[in-house]
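Got the viewer open and a hand on the mouse? Here is a short walk through the model, one selection at a time.

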Amino acid sequence: MKTIFKILFMMTMITASSCGNAQSPADTPKTLVVYYSYTGNCKAIANTLLSQIEADVLEIQPAEDNLDYAANNYELGSSLIARIRENPKSANSYPAIRPTDTDLQKYSSIIIVAPLWWNNMAAPLQTYLFLNGPKMKGKHVGLVVSSYSSGISDVVGDARRLVPECQFFNKPLWIDHAGHSRRSRLISDWLNDIGYTQEASTNGHKSGTIDSSR
């Protein structure tokens, strides 16, 4: 009888040990794609990215609906960028965005998909990173930039200023107007170049495509 109890006890301990070492789905590292899109280009890029990796997605939206950045030769957009440039350390310099409740602590990697405005990162996305960049400390961060033809060095500078203590992947991806139709191949090559599959988990929830109504 004692022998039977001993065997049962040992089996219980082994089972408990195995369960304790197993990683639950909730603890599995995940990737978040954060994007802002006014013309739809960055939305298309984010959708293409989501077709190639497992990730959650967060769209950044201005607090005010139906803003027309193209009106009066893009007067609103240029003024927002000018205000940030004048005093980038002040919260008052950044335009209001809709609140977000995404828990960044769940993610080991974050990929930012950013439009270029007047050589800088689009103002609403800068607002999000100004508010949340410190929460990305120590995380792997990738940057994908969409522009018509302008170079992206200032957008990279904005990202490094707003997210100063992360681990940026070794290079950003620039998708210009000419490359937009080839974005699937460009994204695939970039993921390989940065060693994404080695550096970041792709075991997160597959979010699918982004709501095309936005």
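## Start in a loop: Asn66

Select Asn66, which sits in the loop between S2 and H3; helices (H or I, at least four residues) and strands (E, at least two) are DSSP runs, numbered from the N terminus. Before you go on, note that this is a predicted model, where local features need pLDDT of at least 70, side-chain atom pairs count only at pLDDT 80 or more, and totals for chains, interfaces and linings use all residues. Residues are numbered from 1 along each chain as its sequence is written, and side-chain values use heavy atoms, with hydrogens and water left out.

Back to Asn66: its phi is positive, about 60 degrees, although this residue is not a glycine. Is Asn66 buried or exposed? Asn66 is exposed, at a relative accessible area of 79%. For these words, buried is under 20% relative accessible area, exposed is over 50%, and partly exposed is in between (1.4 Å probe, protein chains only).

Now click on Asn72, in helix H3. Here too phi is positive in a residue other than glycine, near 55 degrees. Asn72 has 60% relative accessibility and counts as exposed.

## Zoom out

Show the whole chain as a cartoon. You should find seven helices and seven strands, in the order α-β-α-β-α-β-β-α-β-α-β-β-α-α along the sequence. Of the 214 residues in the chain, 43% are buried. Look at contacts (heavy atoms within 4.5 Å) between residues at least 6 apart in sequence: 78% of them join residues at least 24 apart.

## Helix H4 and its cover

Next, select residues 123-132, helix H4. How many of its 10 residues are buried? Eight are, which leaves H4 mostly covered. They are Ala123, Pro124, Leu125, Gln126, Thr127, Tyr128, Leu129 and Asn132. To see what covers them, add these elements, which are among the cover:

- strands S1 (30-35), S2 (56-59), S3 (107-117) and S4 (120-121)
- helices H3 (71-86) and H5 (153-162)

Keep H4 and H5 on screen and hide the rest. Two packed helices are described by the angle between their axes and the distance between the axes. For H4 and H5 the angle is about 25 degrees and the axes are 9 Å apart. The axes are lines fitted to C-alpha atoms, for helices over the stretch in contact, and angles run from 0 to 180 degrees between N-to-C directions. H4 and H5 are therefore roughly parallel to each other, a label for angles under 35 degrees (over 145 is roughly antiparallel, 65 to 115 roughly perpendicular and the rest oblique).

Which residues make the contact? On the H4 side, show Gln126, Leu129 and Phe130; on the H5 side, Asp158, Arg161 and Leu162. By class, the contact has three nonpolar, one polar and two charged residues. (Ala, Val, Leu, Ile, Met, Phe, Trp, Tyr, Cys and Pro count as nonpolar, Asp, Glu, Lys and Arg as charged, and the others, Gly among them, as polar.)

## Two stops between H3 and S3

Go to the loop between H3 and S3 and pick Ser93. Ser93 is buried, with a relative accessible area of 6%. Leaving aside neighbours within four places in sequence, Ser93 is in contact with Leu80, Arg83, Ile84 and Asn87.

Thr100 is in the loop between H3 and S3 as well, and counts as partly exposed at 33% relative accessibility. Not counting residues up to four places away in sequence, Thr100 touches Leu58, Ile60 and Tyr128. Draw a line from Thr100 to Ile60: they are 40 residues apart in sequence and 8.0 Å apart in space, C-alpha to C-alpha.

## On to Pro172 and H6

Select Pro172, in the loop between strand S6 (167-168) and strand S7 (173-175). Beyond its neighbours within four places in sequence, Pro172 is in contact with Leu143, Ile152, Val156 and Trp190.

Trp190 leads you to helix H6 (residues 183-193), where the buried residues are Ile187, Trp190 and Leu191. They cover an arc of only 100 degrees around the axis, so they are on the same side of H6; the arc is that of the directions from the helix axis to the C-beta atoms. Turn to the face away from that buried side to find the exposed Arg185 and Asn192. After H6 comes Gly195, with a positive phi near 65 degrees.
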